[in-house]
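Student: Please give me a close look at one part of this protein, its buried interior. I would like to know which residues make it up and what they touch, and then how the rest of the chain relates to it.

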Amino acid sequence: MNKLQAPKYIRKIGDLTIVWFENTNNYILLDNILAVIFDLFLQSNSEIEFIEKSINYHNISSSSAKHYFYDFQQLLNENSLKESNEGQKTINTTCSKEFYPSELYRYNKKVFRINYASDKVKLLIHPLLEHLCIKSEFTPSTIVFSIDHLDNKLSLYQDDELIIQYPQRDYHMIQGKFAMLLINFLHHKYEEDWIGTFHGSTISDGKKAVLLVGNSGSGKSTFAALSMHNGYKLVADDISALLSENLNIYSYPAGISIKEGSYNVLKDYFSDLDTYNTHNLNPSKGKIRYLPSRDYIDKHCYSCNTILWINYRDGEKTNLEIIPKEEVLKFLIPESWLSPKPDNAKRFLDWLETIDCYKITYSNNKDVGDILKEVFS
């Protein structure tokens, strides 16, 4: 096959083989049987050679071999062209002259300002960081972010430089990019320093960290809040950034997003929950309150080699079990932003080989403390 189209990395992890294409930064997950056939495809010099080897070595029918050949060829073709840059930088290259309101925030000793084009635009970011808000108009900020809204487009600026622009309907892309910029600012890093950001929360016992993942509505945020109640530190909620240099997850100080259905559950543990503002940015997700961390973490990064899949189910007995990595990776990879740099992609695959994966199915919130003791031990 055309070597220029071949994937940059092929790595067997558990019962999956992960294929990474450099041009498109695309990860393909193959079961081990399909991976063997794909390897045969890559080693063949023609369709005829591939079909003959498939028949002779793997007892695959001629018609099936042809299907495999064309599917794999299409896969290579789709991943042979470089992706265009995310977002656009062609319109609204300067900020609107006036932004309102403007808010000032402090995390530890870092102060930053965010300008919002409107109260509606403010809902994109401010609720997550409201607990960091400070009122002094005379406190200098070292960096200013601005979010503009014009012609149904949202534009994100850093110190008046346009960073990215998206249609209004893709507001979550602006939220994700802002999170990356803020993490860079807080930790003196650049985007190319990170392996990626994972859609999950991270908690720590002060020595190491555990990444919490799960399907939407599985109870990740509630579990993170209960972890905090049991004395564990909240490192990051919803967006967990892994640094390539040391394979540590770094802090992101957003509050924990608590959906309306969990209010009554968590009021037993957080008596001040009712004092936090209620927000309704996306009607499909319902009302949300953001629960801030109980204290600032004394460290800003922790090693993480454990992923815990959260599965809250009414009436279920508590069951903590080891699960195959492939169960987690099928969720983790598609739901993450992952660096396009080859060195970072390699470090990501290296890290995946080191992790342990667990699944907790439970319904009794009082069991969370015992669950975490077992996971961290």
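Tutor: A residue is called buried under 20% relative accessible area, exposed over 50%, and partly exposed in between, with a 1.4 Å probe and only protein chains counted. By that cut-off, 50% of the 377 residues in the protein chain are buried. The model is predicted, so local features are given only at pLDDT of at least 70 and side-chain atom pairs only at pLDDT 80 or more, while totals for chains, interfaces and linings use all residues. Residues are numbered from 1 along each chain as its sequence is written, and side-chain values use heavy atoms, without hydrogens or water.

The overall frame comes before the interior. The protein chain has 11 helices and 21 strands; these are DSSP runs, H or I over at least four residues for a helix and E over at least two for a strand, numbered from the N terminus. Its radius of gyration is 23 Å, close to the 21 Å that the globule rule gives for 377 residues, so the chain is as compact as a globular protein of that length. That radius is taken over C-alpha atoms, and the rule is 2.2 Å times the number of residues to the power 0.38. The C-alpha trace spans about 75 × 55 × 35 Å along its principal axes. Of the contacts between residues at least 6 apart in sequence, 67% join residues at least 24 apart, a contact being heavy atoms within 4.5 Å.

Now the interior. A nonpolar core here is a set of buried Ala, Val, Leu, Ile, Met, Phe, Trp, Tyr and Cys residues joined through side-chain atoms within 4.5 Å. The largest such core holds 40 residues, and F112, I114, L129, L182 and Y252 touch the most other members. Helix α6, residues 171-187, gives the most to this core, with nine residues. Beyond its neighbours within four places in sequence, L129 is in contact with Y105, F112, I114, F178, L182, P253 and A254. A separate core of 33 residues lies apart from this one, and I249, L332, W351 and L352 are among its members. In soluble globular proteins, nonpolar side chains tend to be buried together.

Several elements can be followed one at a time. Helix α7, residues 220-229, is mostly covered, with nine of its 10 residues buried. Those residues are K220, S221, T222, F223, A224, A225, L226, S227 and M228. G231 follows α7 and has a positive phi, near 95°.

Two residues of α7, A225 and M228, are touched by L291. L291 lies in strand β17, residues 288-291, and is buried, with a relative accessible area of 0%. Its other contacts, again leaving out residues up to four places away in sequence, are G255, I256, I258, F270, L273 and Y276. L273 is 18 residues from L291 in sequence, and their C-alpha atoms are 7.2 Å apart.

In strand β18, residues 301-312, we find T306, which counts as buried at 14% relative accessibility. T306 is in contact with A209, V210, L211, D356, Y358 and V375, once its neighbours within four places are set aside.

Strand β6, residues 133-134, contains I134, also buried, at 16%. With neighbours within four places excluded, I134 is in contact with L104, Y105, R106, V111 and T139. By contrast, L320, which is 186 residues from I134 along the chain, has its C-alpha atom 42 Å away.

Loops can be covered as well. L247, in the loop between β14 (239-243) and β15 (248-250), is buried, with a relative accessible area of 17%, and its phi is positive, near 55°. D159, in the loop between β8 (153-158) and β9 (161-167), has a positive phi of about 50° too, although it is not a glycine. D159 is partly exposed, at 43% relative accessibility. Most residues other than glycine have a negative phi.

N364 sits in the loop between β21 (356-362) and α11 (368-376) and is partly exposed, at 36%. Its C-alpha atom is 7.7 Å from that of K317, 47 residues away along the chain.
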